[in-house]
Amino acid sequence: MASDGCQPVGWAGKGGFTHLLYRPEGRQGESYGAARHGHGHVQQEQQQQEEASSSGRGDRTGTWNGPAPRGYVAEPMHAQDESRAAAAKPVNDPQHLLLPGAVRLPLLGLGTYQLQSADAVRKALELGYRHIDCAAFYANQKVIGEGLKDFLAQGKRGELFITSKIWNDEHRPADARASAERTIADLGCGHLDLLLVHWPCAWRPGTQEVDPDVTIQQTWRALEELVDAGLVRFIGVSNFSLKQVEEVLSFARIKPVVNQIELHPLLAQRKLVGVCLRKGVHCVAYSPLGVGKDALLQHPAVLEVAAETGKSPAQVLLKWNVQRGVPVIPKAGSEPHLAENIEGLFTWRLTWDQKAKLDALDAGTRLCTGWESWHTFDDPEEGGALKPSKVL
């Protein structure tokens with residue numbers, strides 16, 4: 001039975017480690033502390049402790065009369081103190097996530113929704129962007145391909161991570177393959193690094209009518225065949241709930257590696273992000289800056305943290321996701337915004353207090369709109385381990 005040093009020593013033994021206070025054989029003592037002091041070198045330590053006590057410092061170890069454990073001796077720090085200490089050190093955070101096969105997924109990407117300038121893509125590449133997020137629905141992949149053309153002509157395809165998505169009316173296997181092939185041709189990239197199912201909604205081709213003739217399992221099989229054919233390296237989903245991700249995982253031969261979802265301090269989706277990660281699915285944040293300027297970029301808490309860090313509100317919002325290991329794909333078209341988003345993103349960190357201040361904004365608020373008439377998001381508590389309130 002463990003002792004706090006006050007109980008009598010009732011047995012004898014030998015210890016293999018000096019810090020384990022087995023009673024030395026042949027010694028008599030009233031406590032472990034007394035027995036320990038029978039060792040020669042400890043007498044000196046006892047004398048030092050007695051001197052400390054007489055000098056007014058007192059015995060800080062209570063009833064234990066032996067020496068304090070040797071090892072880590074720093075005073076315990078609260079998380080806030082640790083983050084402040086860390087903030088004073090040079091920072092060089094990782095800029096990628098590792099996918100299977102040691103493939104790098106950059107934590108910062110370029111969102112191309114509504115982007116109509118090939119020059120913007122060229123400037124992004126010049127500034128160091130290597131993760132390009134596209135979609136068939138954006139109807140601009142030829143423009144993006146034009147922006148990539150010169151870079152690809154230099155034999156640098158291996159430096160890029162290019163993502164695209166099949167739209168809701170392309171879920172039938174033949175349509176999914178045709179969409180992927182058309183995307184590759186429009187981008188001129190030879191293959192896609194990642195192909196996503198844009199939404200978990202299947203429509204009849206060319207309509208917004210629910211398609212009862214195709215299941216997500218059939219669509220997934222078609223994407224797996226694209227991987228087998230070498231047209232796509234990885235596959236994933238977008239706007240899927242945790243319950244829907246778990247459904248795909250239940251039948252997938254090739255597992256999804258990404259679930260691209262709306263993520264920012266007003267919509268942290270912690271359970272979805274955390275459980276997906278434990279299942280090997282990385283969440284990627286679209287609209288990490290929110291939508292418009294008022295909701296997040298001008299939020300008082302964001303402005304306060306920006307003032308404390310000397311960063312812009314956009315940089316603070318991007319860092320909030322990146323610091324928790326979530327890749328971000330903010331859309332930007334102008335050179336100043338492109339530079340602002342990438343400049344020094346991995347050379348600083350939010351402190352514990354600053355992150356907690358942004359965490360407190362979470363209200364489950366979706367800022368992206370346009371899906372309300374044809375999609376309903378599942379209860380965020382569905383899937384994974386249920387809350388007790390959901391069980392009882």
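Contact here means heavy atoms within 4.5 Å. On that basis, residues 24 or more positions apart account for 70% of the contacts in the chain with a separation of 6 or more. The model is a predicted one, and its chain runs to 392 residues, 45% of them buried. The secondary structure comes to 14 helices and nine strands.

Start with the sheet. Seven of the strands make up an open sheet with parallel pairing, and the order across it is β3-β4-β5-β6-β7-β8-β9. At the edges sit β3 (110-111) and β9 (282-286), each of which pairs on one side only. Within the sheet, β5 and β6 (residues 192-197) run parallel and are joined by four bridges; T163 has L194 in β6 as its bridge partner. Over at the β9 edge, β8 (residues 258-262) pairs with β9 through five bridges, again in the parallel sense, and Q260 stands opposite V284 of β9.

Being an edge strand doesn't leave β9 bare: five of its five residues are buried. In general, side chains along a regular strand alternate between the two faces of the sheet. In β9, H282, V284 and Y286 point one way while C283 and A285 point the other, and all are buried. Just past the strand, S287 falls in the loop between β9 and α10 (300-309). The phi of S287 is near 50 degrees, which is positive in a residue other than glycine. Q114 has a positive phi too, near 65 degrees, and is likewise not a glycine. Q114 belongs to the loop between β3 and α4 (118-127), and with 52% relative accessibility it counts as exposed.

The other pairing to look at is antiparallel: β1 (residues 96-99) and β2 (residues 103-106) are joined by four bridges. The two strands form a hairpin with three residues between them, and G101 in the turn has a positive phi of about 85 degrees. L99 stands opposite V103 in β2. Side chains alternate along β1 as well, but here burial follows the face: L97 and L99 point to one face and are buried, whereas H96 and L98 point to the other and are not.

On to the packing. The largest nonpolar core takes in 93 residues, and L148 and W220 have the most contacts inside it. Leaving aside residues up to four places away in sequence, W220 touches V197, I235, G236, V237, V248, F251, A252, I254, K255 and P256. A second core, separate and made of six residues, includes W167, C201, W203 and F377.

W167 turns up again among the aromatic pairs, of which the structure holds eight. The ring centres of W167 and W374 are 6.2 Å apart with their planes at 80 degrees, so this pair is edge-to-face. W167 is in the loop between β5 (161-166) and α6 (173-187), and W374 is in the loop between α13 (352-359) and α14 (388-391), so the contact ties together parts that are 207 residues apart in sequence. Despite its place in a loop, W167 is buried, at 12% relative accessible area. Ring pairs also link a whole cluster, made up of F137, W167, W199, W203, W371, W374 and F377. F377 has a charged neighbour as well, with R366 lying over the face of its ring at 3.6 Å from the centre. Elsewhere, the charged end of K319 sits over the ring of W348, 5.8 Å from the ring centre.

What about the cysteines? The structure holds zero disulfides. A disulfide is, in general, a covalent bond between the sulfur atoms of two cysteines, and the cut-off used is 2.5 Å between the sulfurs. The sulfur closest to that of C134 is in C189, 7.9 Å away, so the two are too far apart for a bond. C134 is buried, with 0% relative accessibility. For C283, the nearest cysteine sulfur is that of C276, at 4.2 Å, and C283 is in no disulfide. C283 also counts as buried, at 4% relative accessibility, and is one of the β9 residues described above.

Technical notes:
Residues numbered from 1 in each chain as written. Heavy atoms only, no water. Core = buried A, V, L, I, M, F, W, Y, C linked by side-chain atoms within 4.5 Å. Buried < 20%, exposed > 50% of the residue type's maximum accessible area, 1.4 Å probe, protein only. Phe/Tyr/Trp six-rings, centres within 6.5 Å; stacked < 30°, edge-to-face > 60°. Lys NZ or Arg CZ within 6 Å of the ring centre and 35° of its normal. Pairing = 2+ DSSP bridges.
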